[in-house]
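Grab a pencil and have a look at the model below. We'll work through a few exercises together, one step at a time.

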Amino acid sequence: MTPATGIHRRGSDDEGGSATMVMLGVIAAVLMLTVSGLLLSAAVVASHQARAAADLSALAAAGALLKGEPSPAACREAGLVATANHGRLQRCDAVGMDVWISITVPARMSGLGVATARSRAGPAPGGP
């Protein structure tokens with residue numbers, strides 16, 4: 001209580017605004033975690049899309065080879081399937097009945113780059 005006014009004062013003047021600074025820090029931390037979560041989820045989605053596109057492209061190329069189409073036609077088929085799955089065919093090696101595929105898929109958020117996946121389709125190794 002101050003003698004002149006009879007008013008009780010809590011805390012001192014040098015603590016003014018400290019709650020505001022704490023809240024700004026909490027808000028900044030939450031925003032940072034949210035952005036990090038969005039970046040991580042975009043990278044995971046791109047990775048899953050790349051794997052799915054690579055598997056489907058390899059199966060499409062192997063199916064074309066089973067129909068008797070030549071290797072270039074099988075790789076064209078793989079490229080079409082990759083494009084339909086938001087990917088880009090980077091490499092296609094078709095030898096005999098085996099196909100090896102490499103696909104890239106860009107991440108949906110800028111600055112994350114691309115996800116790459118490889119897949120193989122054909123008869124089981126050592127099989128008939």
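Here come three exercises on this predicted model, each with a worked solution.

**Exercise 1.** Find out which residues of the largest nonpolar core touch the most other members, and which elements supply the core.

*Solution.* Start with the core itself: it has 23 residues, and Val99, Ile101 and Ile103 touch the most other members. Next, look at where the residues come from. Helices α1 (18–66) and α2 (71–84) each give at least two, and so do strands β1 (88–95), β2 (98–106) and β3 (114–121). The largest share, nine residues, belongs to α1. As a bit of background, nonpolar side chains tend to be buried together in soluble globular proteins.

**Exercise 2.** List what Ile101 is in contact with, leaving aside neighbours within four places in sequence.

*Solution.* Go along the chain in order. You'll meet Ala54, Ser57, Ala58 and Ala78, then Leu89, Arg91 and Cys92, and finally Ala117, Arg118 and Ser119.

**Exercise 3.** Track down the salt bridges in the whole structure, and classify Asp93, Arg91 and Arg120 as buried, partly exposed or exposed.

*Solution.* The search turns up two salt bridges.

- Step one: Asp93 pairs with Arg91, with the closest N and O atoms 2.7 Å apart. Asp93 has 26% relative accessibility, so it's partly exposed. Arg91 reaches 53%, which is over the 50% cut-off, so it counts as exposed.
- Step two: Asp98 and Arg120 meet through their side chains, at 2.9 Å from N to O. This pair links distant parts of the chain, as Asp98 sits in strand β2 and Arg120 in strand β3, 22 residues apart. Arg120, at 34%, is partly exposed.

How values were computed: Residues numbered from 1 in each chain as written. Predicted model: local features only at pLDDT ≥ 70, side-chain atom pairs only at ≥ 80, totals over all residues. Heavy atoms only, no water. Core = buried A, V, L, I, M, F, W, Y, C linked by side-chain atoms within 4.5 Å. Buried < 20%, exposed > 50% of the residue type's maximum accessible area, 1.4 Å probe, protein only. Helix = DSSP H or I, 4+ residues; strand = E, 2+ residues; numbered from the N terminus. Contact = heavy atoms within 4.5 Å. Salt bridge = Lys/Arg side-chain N within 4 Å of Asp/Glu carboxyl O.
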